[in-house]
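Visitor: I'd like to go through the charged pairs in this one. Can you pull it up for us?

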Amino acid sequence: GVNNSIPDAPDLIFPEDDLEDVMLTQSFQWAPVPSAVLYRFQLSTDSSFTTIEYDYFVGIPNYWIGGLQLGFVKYYWRVQSNNGGNLSSFSEVRSFTTGIGIPILISPPDSAVNVSTSPTFEWTPVNGAVSYTLQISTFGSFINFVVNQPGITSTSFSVSGLEENKKYYWRVRGATANYEGLFSQVF
C-alpha cells in the first residue's frame, strides 16, 4: 500500500519569526503532521534557500543546531513533511538573527610592558553592537574592577591613574540595545 495522499506542510512553532540575539545553539520545533514519518529541516542564510547550511531528515518534529555563527547573521528555516509516499510543500519560512560577535583586542597588546599609566584601550568594532563595556582588573578572574565602564560608543577608551609596575587584565564586550554579547579574550 503506497500512500497516495499528500501530507500537510508542518506548522512552525519555535523559534518565533524574527527572533533576535540567538546564541550559538538553537532548538527548532514544529507541530507534528499526523501522517508524517519523516521531516526535512532546512536552514539557509538566504531567503530563497539557494545555499543551504543544514539539510537534515528527522523522524521527530524538532531539531537542534549547535553550530550557528555569531555576528548578527540572519538565518532562514523551513520544514517539509514526508508520509512515506509523498512530500508536502514546504512550511512558511521563518527567520532569526544571531547575537553579536566578540571584539578582538588591539592595544595595549597582550603582555605589554612599560605601558603608560594613562593608556588608551582599543578593540575592533563588532557588527550590530551599539556600545561596549571595558573591564580592567588586577585579577585575571575579574573578581574586582579598576574600571568597569559600560556604554562606550567608540572602539577606544582612555583611562588615567593606573599604577606603575602593576599587572592589569582587560577585556571588552559589545552590546545591542537589549542584549550584552560575550567577552573578548583577556589581555
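Visitor: Is Arg173 buried or exposed?
Guide: This is a predicted model, where local features need pLDDT of at least 70, side-chain atom pairs count only at pLDDT 80 or more, and totals for chains, interfaces and linings use all residues. Residues are numbered from 1 along each chain as its sequence is written, and side-chain values use heavy atoms, leaving out hydrogens and water. Buried means under 20% relative accessible area, exposed over 50%, and partly exposed in between (1.4 Å probe, protein chains only). Arg173 comes in at 19%, so by that cut-off it is buried.

Visitor: Which residue does Arg173 meet in a salt bridge?
Guide: A salt bridge here is a side-chain nitrogen of Lys or Arg within 4 Å of a carboxyl oxygen of Asp or Glu. Arg173 has such a contact at 2.6 Å, N to O. Its partner is partly exposed at 43% relative accessibility, and that partner is Glu180.

Visitor: What is the N to O distance between Glu92 and Arg94?
Guide: Arg94 is buried, with a relative accessible area of 12%, whereas Glu92 is partly exposed at 43%. Their side chains meet in a salt bridge, with N to O at 3.3 Å.

Visitor: Which strands do Asp55 and Arg40 lie in?
Guide: Their side chains form a salt bridge at 2.7 Å, N to O. The pair ties together parts that are 15 residues apart in sequence, because Asp55 lies in one strand (residues 52-58) and Arg40 in another (residues 38-44). Strands are DSSP runs of E, at least two residues, numbered from the N terminus. That puts Asp55 in β5 and Arg40 in β4.

Technical notes
Helices (H or I, at least four residues) and strands (E, at least two) are DSSP runs, numbered from the N terminus.
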